[in-house]
Amino acid sequence: MRQALRLHFDYDSFELSSKSAKLLAAFRTVFPEDTLTPDNPAAEQSYHSIEISETGGVFQIEGESPSLIASSFEEIAYAIMRIMSDSFVSHVSEEQMVMHASTAVFGSTAVLFSGSSGSGKTSLALAFSEFDGFVGDECAYINVPSATVRHEAFPFQIKECNVDMMSRYGAGAKLDVYEDAVGEASYLPLDALHRYTEKRIPISAVVFPAYGPGNEPCSIARISPTELPELILGSLIGPSKPSSALATCLSMCGSHGIRFYKAAYSDASECAETLYEFLEKERQRR
């Protein structure tokens, strides 16, 4: 018998339908309670339909997204999470700036940790969030006029190779996934974190982490103007052309006093503490 799980977010709504109770149960455990919609909501809601069929261990997604086939539970789980995440980005980037970044709280402001996959942005954001709180993972949705940021209430992802972060957060409910570029990873519920729940928070800084294994001490430095374009262009999505988005971002940051830094580290907890102290000193100077 086919069952359905309905998830309602500010930026989109989804209905996952499948005969696999295991699959739906795994998704249910990692989403915040306020995103779960009753099976028969009083008010009609428009949902993106994600229909999952399973035959002999082979999963297939049909519905509004292109048909997609996966050969394992972990592959289909990753595909579904990407469909939802990409839908948010597509929806939001038509009107707002989106930055590929994780976000943590610094006092009453937000620090964005931006960079490509594997740069260590999620690890450093999670370690930094131990002080004042976590806002969100993966994509930051920026309101340019107010220079504020928010995320959807979407689970955060930790790669299985990140032993330190998995040992800290991976003991509870999780949705295991696999994808060639990501490898083995898990999505975990935001409830596992010290979470900041206000809708919007003003941005004070953007940090570009560079993780490297070893015992080198954390180093933090301001980013020179000549380095900024390449770093920022790779992180911005919509709503305008890349050159216009870069100009808009730099103008916003200049108008609101947002600073850019780079942080090289091998130990996320050590770097988070060093970075917090560094930003506090910077704040006191201003």
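Mentor: A salt bridge is a side-chain nitrogen of Lys or Arg within 4 Å of a carboxyl oxygen of Asp or Glu. This is a predicted model, in which local features need pLDDT of at least 70 and side-chain atom pairs count only at pLDDT 80 or more, while totals for chains, interfaces and linings use all residues. Residues are numbered from 1 along each chain as its sequence is written, and side-chain values use heavy atoms, with hydrogens and water left out.

Trainee: How many salt bridges does the structure hold?

Mentor: One of them joins D10 to K199, whose closest N and O atoms are 2.9 Å apart. In total, the number of salt bridges held by the structure is 12.

Trainee: How many residues apart in sequence are the parts that D10 and K199 tie together?

Mentor: Helices (H or I, at least four residues) and strands (E, at least two) are DSSP runs, numbered from the N terminus. D10 lies in the loop between β1 and β2, whereas K199 lies in the loop between β14 and β15 (201–211), so the parts tied together by this pair are separated in sequence by 189 residues.

Trainee: Does K199 count as buried or exposed?

Mentor: Buried means under 20% relative accessible area, exposed over 50%, and partly exposed in between (1.4 Å probe, protein chains only). The partner D10, at 47% relative accessibility, counts as partly exposed. K199 has a relative accessible area of 52%, and therefore its class is exposed.

Trainee: Which helix holds the R168 that forms a salt bridge with E130?

Mentor: The closest N and O atoms of E130 and R168 are 3.8 Å apart. E130 lies in helix α3 (residues 121–132), and the pair ties together parts that are 38 residues apart in sequence, because R168 lies in helix α4.

Trainee: Which residue of helix α4 is about one helical turn from R168?

Mentor: R168, partly exposed at 31% relative accessibility, also takes part in a salt bridge with an N to O distance of 3.1 Å. Its partner is partly exposed too, with a relative accessible area of 38%. Being 4 residues apart in helix α4, the two are separated by about one helical turn, and so the residue in question is D164.

Trainee: What describes the ring pair of Y11 and Y141, and what is the pair called?

Mentor: Rings of Phe, Tyr and Trp (its six-membered ring) pair if their centres lie within 6.5 Å; planes under 30 degrees apart count as stacked, over 60 as edge-to-face and the rest as tilted. The structure holds 19 aromatic pairs. Among them is that of Y11 and Y141, with centres 5.3 Å apart and planes at 85°, so the pair is edge-to-face.

Trainee: How many residues apart are Y11 and Y141, which link distant parts of the chain?

Mentor: Y11 and Y141 are both buried. Y11 sits in the loop between β1 (3–8) and β2 (13–18) and Y141 in strand β10 (residues 139–143), a separation of 130 residues.

Trainee: In which strand is the place of Y187?

Mentor: Ring pairs link Y187 with F9, F14, F31, F88 and F154 into a cluster. At 4% relative accessibility, Y187 counts as buried. Its C-alpha lies 5.6 Å from that of K174, although Y187 and K174 are 13 residues apart in sequence. The strand that holds Y187 is β14.
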